[in-house]
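Here is a short tour in questions and answers. Have the sequence and the model open as you read.

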There are 2 protein chains.
Amino acid sequence: MNGKIFIIEDEPSIIQLVQHNLEKEGFLVASSTNGNDGLKDLKKFEPNLLLLDWMLPDLSGIDICKNIRNNSSHKNLPIIMLTAKGEEEDKIKGLDSGVDDYLTKPFSFNELLARIKAVLRRYDPKVVSNSLEFEDLKLNRFEKRVFRKNIEIQLGPTEFRLLEFFLSNPKRVYSRDQILENVWPNNINVESRTIDVHIRRLRKSINIDKTKELIRTVRSSGYSLI
Amino acid sequence: MNGKIFIIEDEPSIIQLVQHNLEKEGFLVASSTNGNDGLKDLKKFEPNLLLLDWMLPDLSGIDICKNIRNNSSHKNLPIIMLTAKGEEEDKIKGLDSGVDDYLTKPFSFNELLARIKAVLRRYDPKVVSNSLEFEDLKLNRFEKRVFRKNIEIQLGPTEFRLLEFFLSNPKRVYSRDQILENVWPNNINVESRTIDVHIRRLRKSINIDKTKELIRTVRSSGYSLI
DNA sequence: TTAATTTGTAATAAATCTGTAACAAATTAA
DNA sequence: TTAATTTGTTACAGATTTATTACAAATTAA
């Protein structure tokens, strides 16, 4: 796990507990004890998910939620709402709150973790798993290492991102345009033929001693991980 | 899913949210925030479905709807109307509006997706599913693979598109003109006899070891998938 | 700074696909 | 039956797409 989670919650004891356990799980965690600061810090932190308390000293959870959905650059940020029992559960359950899931206090950490993973899996599958595997190929995001048959392979940064992208959806064919969009930084223009060269480099690196070819060329369509 | 969806909606936040999620589902999405631009861009984009806001700054959704149904070359474009609560729901429900379905804001993305799929399944089934099957033949769009009796078959790009087209409507006979129009890129002119050659090539590829012929010749009419 | 690595592009080679023409075979009409 | 029409089959040249290589510019590390 290598996602970033932001917590807005006014009870320090809850923050402590949750933060500590999430960090043990490999998440990067930041938090705020009130809504206004939270909204500010959120933007800097760029989390993959927000844990949001329903009752805060300044803004209500629902206000923050609306604010995020409407104004900020985090329109699609997954949000899990934390509520005390009886706190208008029904309203939150409603589809219109813009919340992805909610949890009633007191909750167990494992319960929370399960919800977090479920939501992230839906939104942002790559965040949930730190290690991507396909056949005898292994890629570790944390450590930025790649192995084939347990033998470590050295890749350049672009080759690494390219392989990471293919591993996020093995077997699916991607056009050069799709590859460009997902692997290269935004607003950068490179010749579409350049991809061929990077594919060649990646192939050369991952096909060690007589292992089979893992990248398939699909003429007039693109490439896929077998 | 690989259809194209066009959105005409004046609230950028809704466009963002919907577009992002639809793209994650595999749709190609374009949008416009007003009616007049929308009508123009629509023609270039050639979508498989239109999401249309009921209240727009310039034209009303109903105007756009009428315009599409009467004047344009997209007479049969499926349309899903988005309305705010209370916005003359009854009028929209009426059959005469020319809308295929409608959704009241606020709505959840999953609800929207379900409606989209339902409408597309009705209109344009091939857009909705990645995998087309007929008897012992299987074609996967994402992976660009074809199997007969679970044995993979290699096809050239044109043969693949040709088979994809036949699979979208098995048993239906298509004339050479129809095949040309649907399988070849627009504005390309090829001899109609060329199709015979491609049919021959496709037949050769998919009829592996004594499996039965799957492409039927209908003399003076065209071809069909049995 | 210098050295090493990485990156994008262009050029050329190799592989594969495409459209057409020509003739054969099958079917229909006269 | 023969002639006319339609489809099947083949081969091939040209077109398109991808692979590979080399190199200079850019970036990063030492």
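The turns below take up a predicted model.

Visitor: Where in chain B is B:W184?
Guide: Look at two helices of chain B, helix 8 (176-183) and helix 9 (193-206). B:W184 sits in the loop between helix 8 and helix 9.

Visitor: Is B:W184 buried or exposed?
Guide: The relative accessible area of B:W184 is 9%. The cut-off for buried is under 20%. B:W184 therefore counts as buried.

Visitor: Which residues does B:W184 touch, not counting residues up to four places away in sequence?
Guide: Leave out the residues up to four places away in sequence. What remains for B:W184 is B:T158, B:R161, B:I179, B:V190, B:I195 and B:H198.

Visitor: What separates the C-alpha atoms of B:W184 and B:L162?
Guide: Along the chain, B:W184 and B:L162 are 22 residues apart. In space, their C-alpha atoms are separated by 8.7 Å.

Visitor: What part of DNA strand C lies 2.9 Å from a polar side-chain atom of B:W184?
Guide: B:W184 is buried, with a relative accessible area of 9%. That area counts protein chains only. The DNA partner of its polar side-chain atom, at 2.9 Å, is a phosphate oxygen of DNA strand C.

Visitor: How many residues surround DNA strand C?
Guide: The closest are A:T158, A:E191, A:R201, B:T158 and B:R201. By type, the residues of this surface divide into 8 nonpolar, 6 polar and 8 charged. Helix 7 (157-168) and helix 9 (193-206) of chain A, with helix 7 (157-168) and helix 9 of chain B, each supply at least two residues. The residues around DNA strand C number 22.

Visitor: Which residue has a polar side-chain atom 3.3 Å from a base nitrogen of DNA strand C?
Guide: A:H198 has a polar side-chain atom 2.7 Å from a phosphate oxygen of this strand. The base nitrogen, at 3.3 Å, has another partner: B:R219.

Visitor: How many residues surround DNA strand D?
Guide: The closest are A:R200, A:Y223, B:R200, B:S220 and B:Y223. This surface divides into 6 nonpolar, 4 polar and 14 charged residues. Helix 9 and strand 10 (215-218) of chain A, with helix 9 and strand 10 (215-218) of chain B, each supply at least two. The residues around DNA strand D number 24.

Visitor: Which residue has a side-chain N or O atom 2.9 Å from a base oxygen of DNA strand D?
Guide: B:R203 has a side-chain N or O atom 2.9 Å from a phosphate oxygen. B:R193 has one 3.0 Å from a base nitrogen. For the base oxygen, at 2.9 Å, the residue is A:R219.

Visitor: Which are the edge strands of the open sheet in chain B?
Guide: The sheet has 4 strands in the order 6-7-8-9, with antiparallel pairing. An edge strand pairs on one side only. The edges are strand 6 (131-134) and strand 9 (151-153).

Visitor: Which residue stands opposite B:K138?
Guide: In chain B, 4 bridges join strand 7 (residues 137-140) to strand 8 (residues 145-148). The two run antiparallel. Opposite B:K138, in strand 8, stands B:F147.

Visitor: At what angle does helix 7 of chain B run to strand 7 of chain B?
Guide: Helix 7 of chain B lies across strand 6, strand 7 and strand 8 of that chain. Its angle to strand 7 is about 115 degrees.

Technical notes. Residues are numbered from 1 along each chain as its sequence is written. Chains are lettered from A and ligands numbered from 1 in the order in which they are written. This is a predicted model: local features need pLDDT of at least 70, side-chain atom pairs count only at pLDDT 80 or more; totals for chains, interfaces and linings use all residues. Side-chain values use heavy atoms; hydrogens and water are left out. Buried means under 20% relative accessible area, exposed over 50%, partly exposed in between (1.4 Å probe, protein chains only). Contact means heavy atoms within 4.5 Å. A residue is near a molecule or strand if one of its heavy atoms lies within 4 Å of it. A polar contact is a pair of N or O atoms within 3.5 Å; within protein, one must be able to donate a hydrogen and the other to accept it, and residues adjacent in sequence count only if both atoms are side-chain atoms. Ala, Val, Leu, Ile, Met, Phe, Trp, Tyr, Cys and Pro count as nonpolar, Asp, Glu, Lys and Arg as charged, and the others, Gly among them, as polar. Two strands pair if DSSP finds at least two bridges between them. Axes are lines fitted to C-alpha atoms, for helices over the stretch in contact, and angles run from 0 to 180 degrees between N-to-C directions.
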